[in-house]
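Student: Could you take me through one part of this model, the helix packing in the middle of the chain? I'd like one connected walk-through rather than a list.

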Amino acid sequence: MNTAQVSIELILAGSLALCAFVLPFWKGQSINPELLQSEALIGFLGLAYLLGVVFDKLADTMLTPAEHFLRIKQGAKFLDDHNNFKGKDPFPQNDLEFSLKKAKDGRLEWMNSLKSRIRTSRELAVLGLPAVMGLTIYEGVTRTCEPNQPACVAWWVYLPVVLNLLLFMAMIWLESRTSDEDSSEKAKQANLKTNQLSRDREIRELQVRQMRRQTQNASIPYYLLLANSIVTTGVIAMFNLNNQIIILLAVGGTLISLLALWSCLRITRTYLKFVAREMASTLKK
């Protein structure tokens, strides 16, 4: 993946973060098209890039449980199709990716293309709805305020923005509790790896069901992030039915963000299947 692609993705993540967590606090109509023709644009892109480094990782953290579950399902499917497999790991993703990176037949380019699409859709899936909420708060509430008018907006309007930030912090805390080095039996069950999948089909199906429940529990902060953003956006839209911009933001932004989540999971599944095809070459070696 080249530097230009990564930079664009980070600027996208940072721009969404600015819309989600900075724009709602911006009072007045001082944002205008002239910014696109001034030195302020350079500062905006630089700030967006710096924030993008942080929020790209936060978006990755938010969807890590779902991606890990897809990885477990891929390993379980391989064992379902290869009953006589005697290896240690039915889906050694790191080894398979390392093998693909040495390929000279276009597979590496395709792998990098999929990874780039995953990153972009993941950022929209996680930061899209908070950004839409921030835009609707600005357009429907704070845009008409004077910069020096502190009492123009009720304090509770900003609670959903703060709540979204707290949900990101909660997800970081939950991830920090998961240690790869913890060898206790309870930790192994809570953080099942593909090399721990049972060779017995019934036990393996039970493991997958348990992982599904654990994934749903681990994704609660993400579900709350979506719910908080959708509800807040909907409430603001209801009070501004005569404002077509807010209605378009609320409906279009919500649909695009949810479609981005669907796309991210679908592309991730495609990527894992593509990487898993390298197992045939690995087994021959």
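Tutor: Here is a close look at helix H4 and the helices and residues around it.

First, the ground rules. This is a predicted model, where local features need pLDDT of at least 70 and side-chain atom pairs count only at pLDDT 80 or more, while totals for chains, interfaces and linings use all residues. Residues are numbered from 1 along each chain as its sequence is written, and side-chain values use heavy atoms, with hydrogens and water left out.

The chain's secondary structure comes to ten helices and zero strands (DSSP runs numbered from the N terminus, helices being H or I of at least four residues and strands E of at least two). Buried residues make up 42% of the 285 residues (buried is under 20% relative accessible area, exposed over 50%, partly exposed in between, with a 1.4 Å probe and protein chains only). Among contacts between residues at least 6 apart in sequence, 85% join residues at least 24 apart (a contact means heavy atoms within 4.5 Å).

Now to H4 itself. Two packed helices are described by the angle between their axes and the distance between the axes. Here the axes are lines fitted to C-alpha atoms over the stretch in contact, and angles run from 0 to 180 degrees between N-to-C directions.

Start with H1 (3–21). The axes of H1 and H4 come within 7 Å and cross at roughly 15 degrees. That makes H1 roughly parallel to H4 (under 35 degrees is roughly parallel, over 145 roughly antiparallel, 65 to 115 roughly perpendicular and the rest oblique). H1 passes H4 in a left-handed crossing (left-handed if the near helix is turned anticlockwise from the far one by less than a right angle, right-handed if clockwise). On the H1 side the contact includes Val6, Leu10, Ala13 and Leu16, and these residues sit in a set that meets H4 residues including Arg119, Glu123, Leu127 and Leu135. The residues of this contact divide into twelve nonpolar, four polar and three charged (Ala, Val, Leu, Ile, Met, Phe, Trp, Tyr, Cys and Pro count as nonpolar, Asp, Glu, Lys and Arg as charged, and the others, Gly among them, as polar).

Leu10 is worth a click. At 8% relative accessibility, Leu10 counts as buried. Its C-alpha is separated by 9.4 Å from that of Arg119, 109 residues away along the chain. Leaving aside neighbours within four places in sequence, Leu10 is in contact with Arg119 and also with Ala48, Tyr49, Gly52, Val53 and Asp56.

Next, H5. H4 (residues 107–140) and H5 (residues 159–176) pack at about 160 degrees with their axes 11 Å apart, and are therefore roughly antiparallel. This crossing is left-handed. Val126, Leu127, Pro130, Met133 and Ile137 in H4 meet Pro160, Val161, Asn164 and Phe168 in H5. That contact has eight nonpolar residues, one polar and no charged.

Then H9 (244–276). The H4 and H9 axes come within 8 Å and cross at roughly 160 degrees, so H4 and H9 are roughly antiparallel too. H4 passes H9 in a left-handed crossing, and the contact residues divide into 20 nonpolar, ten polar and five charged. Met111 lies in H4 and, at 0% relative accessibility, counts as buried. Met111 and Leu272 are 161 residues apart in sequence but 9.8 Å apart C-alpha to C-alpha. Beyond its neighbours within four places in sequence, Met111 is in contact with Glu97, Leu100, Lys101, Tyr271 and Phe274.

Finally, the core. In soluble globular proteins, nonpolar side chains tend to be buried together. The largest nonpolar core here has 53 residues, and those with the most contacts inside it are Val126, Phe168 and Tyr222 (a core is a set of buried Ala, Val, Leu, Ile, Met, Phe, Trp, Tyr and Cys residues joined through side-chain atoms within 4.5 Å). Elements giving it two or more residues include H1, H4, H5 and H9, while its largest share, eleven residues, comes from H2.

Met62 sits in H2 (residues 40–81) and, at 1% relative accessibility, counts as buried. Outside its neighbours within four places in sequence, Met62 is in contact with Val126, Phe168 and Tyr222, among others. Phe168, with the same kind of neighbours set aside, is in contact with Phe21, Leu58, Met62, Val126, Leu127 and Leu225.
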